[in-house]
Amino acid sequence: METILNVNSISKVFGSITAVDRLSFSVHRGDVVGVLGPNGSGKTTTLSIILSVINASSGDFSWFNGLKGEVANRRIGSLLEVPYFYPYLNLERNLMITALARGAGENDIPRVLDEVGLLKRSKSAFYTLSLGMKQRLAIASTLIGDPEVLVLDEPTNGLDPEGIAEVRDIIKNQALKGKTIIMASHILDEVEKVCPNVIILKKGKCIASGKVAELLSEKQVVLIESDDIEILTIQLGQNSNCKLLGRENGKLLVELKDNYSPSALNNWLFSCGISVNRLEPRHRTLESQFLELVGKPENI
Amino acid sequence: MNSMKKILKLEFIKTLNYPGFKTIIILHAALFVLVVTIAPQFKHPMLKMGLEKLVSFPYVWATFSWVGSWFNILLGILAIILVGNEHQFRMFRKQILDGVSRSQLLYAKMVVMLTLALYALALILLSGIVFGIIYSESISFSGIFDKMPLVFVLFIQSFAYMMLGMLFAFIFKSNAISIVTYILFFFPVEPILRAFFPDSIDKFFPVKIISNLTPLPDFLEIVSKSMIQVNGKAPASLHSMGLLPDSLSVLVSTLVCIGYIVVFYYATKLIVDRRNF
């Protein structure tokens, strides 16, 4: 499959802070990739580097097999952080500036305004828009010229639930058209609903990457109580279908592998001569697994 | 090339629609016209005669270039605001994201500044022709055109003011800080710095060079010339009285000023190429 973006060991250092640390990844045509990580994990800095608005301290990247800078950016619709427009210009003129910069036709403006539901406000000055409308205009500007790649940084920032759903639908529609999409967010739910692939960042480093379904599946977790918790702990360590997650009020939290049921565990413990006082299935959310990955423990 | 045309079109869309741009241009033109309209009405206190001679051909060009230079600082401030706005609204970042190169960002701003310098030139030329026709006793071809090239020096001067303003705006980003430091640089920072250097060096400082392009016309000589016919005495002049400092010729000042414009350009380009937007 054609490689659209190749990132090779990029780093960015701001004084004593390493915002991005030897990060490498590649994106193929048609991929929809989420860049996930808590605030300060280097998502925006990474996107800023690959979009040439900030210079990497080291490392290299290229789009479309060797392009970078303005030549590549004209083929990419991008939104970084909050929407930026000239406050004194109306929506149509602001988008005209985007169209001219990208070398796209100005006749595309009504189409993209209609797509984000702002066609009726095309003559309004940017500063008169609500935060949600500004965000929708920013989405519209990424669609000008029908670019083959979209790079979106927190695209649902400031939107109400209805707006979030609308923007999500827009992005999904673009993905269905075969566009390559890179979307950064600190909200797992947002990434999980849109992106089949994910790159998880922590302190500027990639700590995991791959299919969301494989990295973050909703695995079965059980809470086990026994008279002798130490023997239980040793015994569970010998079962390859179990992963000990920790203790909670003197009870053990255990993750079970797929197709290994709580009753199978109970039978196995009984066969080992261990009787349990309590074995309670718990639902372990994607969010908790994500937080576990990025190093923030959360009560289950 | 086609791409650069589009970049210039977008540059003019945002510049011409910026309310502050219109306000400063109207203020610039109105102040200039006001000053050159009122000035000839004053009577010289010693010679007891009007200053109409200063706005007649060919003296009008030197007079208007000098008066025009007073208001170049407004164009410099406008250049700062236009660049500062891009920083304030983070639009340099947006334009790079949309496919404008860093060089194109800089060239587009320079084209706007060249256009503003042309506007300043046109203002002086048109006003000079109108006032020259009104106040000249006789009009000849040589009378109109002999000293006219002085006006083109104002074009270079106003462009230099704006290039320096743009450099300050790229260094400081904030409009307020850039404008204050820009004005302070003209006075008193550079004059104080010059005081530490001998005359042979201090006349090459940028503000000194840029100011020297449009020197104060020797109005005493111009006005008293017309008195020779009356009393036969040699005309007095500020220069002969030592009231006008010796400085480089306009030609040398112009060449050095062009050199400074090139320096301002490369210093700005260095910042633009390295900056994280």
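## A first look at a two-chain model

A:S52 is buried, with a relative accessible area of 13%. This is a predicted model, and A:S52 makes a friendly place to start reading it. A:S52 sits in the loop between α1 and β4 (58-63) of chain A. Its backbone is worth a look too: A:S52 is not a glycine, yet its phi is positive, at about 65 degrees. Most residues other than glycine have a negative phi, and most peptide bonds are trans.

A second residue of chain A shares this kind of backbone angle. A:D146, also not a glycine, has a positive phi of about 50 degrees. Look for A:D146 in the loop between α5 (131-143) and β6 (149-153) of chain A. Is A:D146 buried or exposed? A:D146 counts as partly exposed, because its relative accessibility is 45%, and partly exposed covers the range between 20% and 50%.

### Cis peptide bonds in chain B

Turn now to chain B and its peptide bonds. The bond from B:F57 to B:P58 is cis, and its omega is near -5 degrees. B:P58 belongs to the loop between α2 (19-38) and α3 (59-70) of chain B. The bond from B:F187 to B:P188 is cis as well, with omega near 15 degrees. B:P188, for its part, is found in helix α9 (residues 175-194) of chain B.

### Where the chains meet

How many residues of each chain are in contact with the other? On chain A there are 33, and they touch 30 residues of chain B. Together the two chains bury about 2,700 Å², with 57% of that on carbon and sulfur atoms. The size of an interface is often given as the accessible area lost when the parts come together.

Polar links also cross this boundary. Between chain A and chain B, 18 residue pairs are in polar contact, counting pairs with both residues at pLDDT 80 or more. On the side of chain A that touches chain B, the elements giving two or more residues are β1 (3-14), α1 (43-50), α2 (69-73), β5 (76-79) and α3 (91-102). Of these, α3(A) provides the largest share, seven residues. By residue type, this side of chain A divides into 17 nonpolar, nine polar and seven charged residues.

Four salt bridges are found across the interface of chain A and chain B. One pair to look for is B:R93 with A:E81, where the closest N and O atoms are 3.0 Å apart.

### Salt bridges inside the chains

Side chains of opposite charge can pair when their charged atoms come close. Over all chains, a search of the whole structure finds 25 salt bridges. The table gathers some pairs from chain B.

| Salt bridge | Closest N to O distance |
|---|---|
| B:K109 and B:E11 | 2.3 Å |
| B:E86 and B:K14 | 3.1 Å |
| B:K109 and B:E86 | 2.8 Å |

What does the pair B:K109 and B:E11 tie together? B:K109 lies in helix α6 (residues 102-135) of chain B and B:E11 in helix α1 (residues 2-16) of chain B, so their bridge joins parts that are 98 residues apart in sequence. Both B:K109 and B:E11 are buried.

The pair B:E86 and B:K14 brings in another helix. B:E86 is part of helix α4 (residues 72-88) of chain B, while B:K14 is part of helix α1 of chain B, so this pair ties together parts that are 72 residues apart in sequence. B:E86 counts as buried because its relative accessibility is 2%. B:K14 counts as buried too, at 2% relative accessibility.

The bridge between B:K109 and B:E86 runs from helix α6 to helix α4 of chain B, so it ties together parts that are 23 residues apart in sequence. Like B:K109, B:E86 is buried. In chain A, salt bridges that share partners join A:E2, A:R29, A:R75 and A:E148 into one network.

### The two domains of chain A

Chain A is divided into domain 1 (3-212) and domain 2 (219-283). The C-alpha centres of these two domains lie 44 Å apart.

One more residue to visit is A:G246, which lies in strand β11 (residues 242-248) of chain A. With a relative accessibility of 24%, A:G246 counts as partly exposed. Which residues is A:G246 in contact with, leaving aside its neighbours within four places in sequence? They are A:K251, A:L252 and A:L253. A:L223 is 23 residues away from A:G246 in sequence, and their C-alpha atoms are 9.8 Å apart in space.

Note on methods:
Residues numbered from 1 in each chain as written. Chains lettered and ligands numbered in written order. Predicted model: local features only at pLDDT ≥ 70, side-chain atom pairs only at ≥ 80, totals over all residues. Heavy atoms only, no water. Contact = heavy atoms within 4.5 Å. Buried area = accessible area lost by both parts, 1.4 Å probe. Salt bridge = Lys/Arg side-chain N within 4 Å of Asp/Glu carboxyl O. Polar contact = N/O pair within 3.5 Å; in protein donor to acceptor, adjacent residues only side chain to side chain. Helix = DSSP H or I, 4+ residues; strand = E, 2+ residues; numbered from the N terminus. Nonpolar A, V, L, I, M, F, W, Y, C, P; charged D, E, K, R; others polar. Buried < 20%, exposed > 50% of the residue type's maximum accessible area, 1.4 Å probe, protein only. Domains from an automatic or database assignment.
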